[in-house]
Amino acid sequence: MRAARLIKMVLLLQSRPTMTAAELARELEVSERTVTRDAQALSEAGVPVYAERGRAGGYRLIGGYRTRLTGLARGEAEALFLSGIPGALREMGLEDAASAARLKVSAALLPSLRDASRTAAQRFHLDAPNWFREPRTPESLPAVADAVWDDRRITARYRRGRDEVTRELEPYGLVLKAGVWYLCARATGTTKAAGTAAGGLENPGSGSGSGASYRGYRVYRIDRFAAVAAGEERFARDDGFDLPAFWADRAEEFARSLLRSEVVVRLTARGLRALPHAVDAPAARAALEHAPAPDPDGWVTVTLPVESEEVAHGQLTGLGPEVEVLAPGTLRERFARDARRLAELYGAP
């Protein structure tokens, strides 16, 4: 632990002209007294750490000293490519590796470029979770992330409602979607543990997949894992597996699977423009692809795929008078009742 801290201290001093004891203590997460002892230990080991007293003082390296400890370890290099998503790094337990990688890169840069990480952080930030949603890190995420990095098989107990199954999985990749973590994996074995069904696969992508290269791969919500145990056995990763392409395929498949019903509606030109913002994108796309020419009054009749009448009612209500529901009759009657109530509320006194 101390050796790693001393190396980090040297890299910090190498990447900046001078650092105060307070700044070093904050970066190293130790007391200023510990910084003083560490600086003395480095000096005794031959590292030319020089302390300047006074208001403008601090610690610095003298004599153009540069350490050769700037080579990136594999984990640090991999974490560096994820450094633009600090929240995800923290949740996966990779924050320290990314910090060490950034320090090594900074120490290896020319002095004129050493503020690159700071200037980039001042200009770009990724906030993945949805609004009005408190992000929660699944307890099993760090263990799953370790297995993904190392290509190690895991045994996972997975919850789906009141059912629970034990699955043997080859974890291929992690996806963070709107603040929710998913595992893309290939199942090698399933054992029923509780409940009445041996299911437990989580959408998106609960089926075997439309692409032959992705058959057998499934998607699981990490927060549905009741327990995860990683074994020592590694699996041979399929080099043809493309995580972004797989996720796009499964997400599209999931979106289509939700659209189990259809409604027929008439839309004004304004309603047509607003439709993609009111309903699910795949539904709007399917409806507009086959939209006929406007009628003499400028209205367009389309068939719209929807999840259910209840969902369609909530989505189409936002279009107000720019939409008329033609079918099914039960949904049209709901809108008629809404119209009568609105007339009562807003009619002339």
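Helices are runs of at least four residues and strands are runs of at least two, both assigned by DSSP and numbered from the N terminus. The model described here is a predicted one.

**Near the start of the chain**

Helix α1 covers residues 2–15, and Gln-14 lies within it. Gln-14 counts as buried because its relative accessibility is 5%, and buried means under 20% relative accessible area. Although Gln-14 and Ile-62 are 48 residues apart along the chain, their C-alpha atoms are separated by 9.7 Å.

A second residue to look at is Thr-34, which has its place in helix α3, residues 32–44. At 13% relative accessibility, Thr-34 also counts as buried, and its side chain makes a polar contact of 3.0 Å with the side chain of Ser-31.

**The largest nonpolar core**

In soluble globular proteins, nonpolar side chains tend to be buried together. The largest nonpolar core of this model holds 20 residues, and the members that touch the most others are Val-263, Val-265, Leu-267, Leu-275, Val-279, Leu-304 and Leu-316. At least two residues of this core are supplied by each of β8 (261–267), α11 (281–289), β9 (300–306), α12 (309–317), β10 (323–327) and α13 (329–346). The largest share, four residues, comes from β9.

Leu-267 shows how such a member is surrounded: leaving aside its neighbours within four places in sequence, its contacts include Leu-272, Leu-275, Trp-299, Val-302 and Val-323. Glu-322 and Gly-298 are also among the contacts of Leu-267.

Helix α12 can be followed in more detail, since the buried residues in it include Ala-312, His-313, Gln-315 and Leu-316. What covers the buried residues of α12 includes the strands β8, β9 and β10 together with the helices α10 (269–278) and α13.

Helix α13 also carries a residue with a contrasting setting, for Leu-345 has its place there and counts as exposed at 64% relative accessibility. Together with Leu-342 and Tyr-346, Leu-345 forms a nonpolar patch on the surface, and the accessible area of these three residues together is about 400 Å².

**Salt bridges**

How many salt bridges are counted in the model? The count comes to 16, and three of these pairs are set out below with the distance between their closest N and O atoms.

| Pair | Closest N and O atoms |
|---|---|
| Arg-60 and Glu-52 | 3.1 Å |
| Arg-237 and Asp-151 | 3.1 Å |
| Glu-253 and Arg-250 | 3.9 Å |

In the pair of Arg-60 and Glu-52, Arg-60 counts as partly exposed at 26% relative accessibility, and Glu-52 is partly exposed with a relative accessible area of 30%.

Arg-237 lies in the loop between β7 (225–234) and α9 (243–258), while Asp-151 lies in the loop between α8 (141–150) and β3 (152–160), so this pair ties together parts that are 86 residues apart in sequence. Arg-237 is partly exposed, with a relative accessible area of 30%.

Glu-253 and Arg-250, by contrast, both lie in helix α9, three residues apart, which is about one turn of the helix. An α-helix has 3.6 residues a turn, so residues three or four places apart point the same way. Both partners count as buried, Glu-253 at 19% relative accessibility and Arg-250 at 0%. Elsewhere, salt bridges that share partners join Arg-153, Glu-170, Arg-186 and Glu-233 into one network.

Notes. Residues are numbered from 1 along each chain as its sequence is written. This is a predicted model: local features need pLDDT of at least 70, side-chain atom pairs count only at pLDDT 80 or more; totals for chains, interfaces and linings use all residues. Side-chain values use heavy atoms; hydrogens and water are left out. A nonpolar core is a set of buried Ala, Val, Leu, Ile, Met, Phe, Trp, Tyr and Cys residues joined through side-chain atoms within 4.5 Å. Buried means under 20% relative accessible area, exposed over 50%, partly exposed in between (1.4 Å probe, protein chains only). Contact means heavy atoms within 4.5 Å. Patches are made of residues with over 30% relative accessible area and no salt bridge: like charges are joined within 9 Å, nonpolar side chains (Val, Leu, Ile, Met, Phe, Trp, Tyr) within 5 Å. Accessible areas come from the Shrake-Rupley method with a 1.4 Å probe; for residues, only the protein chains shown count as cover. A salt bridge is a side-chain nitrogen of Lys or Arg within 4 Å of a carboxyl oxygen of Asp or Glu. A polar contact is a pair of N or O atoms within 3.5 Å; within protein, one must be able to donate a hydrogen and the other to accept it, and residues adjacent in sequence count only if both atoms are side-chain atoms.
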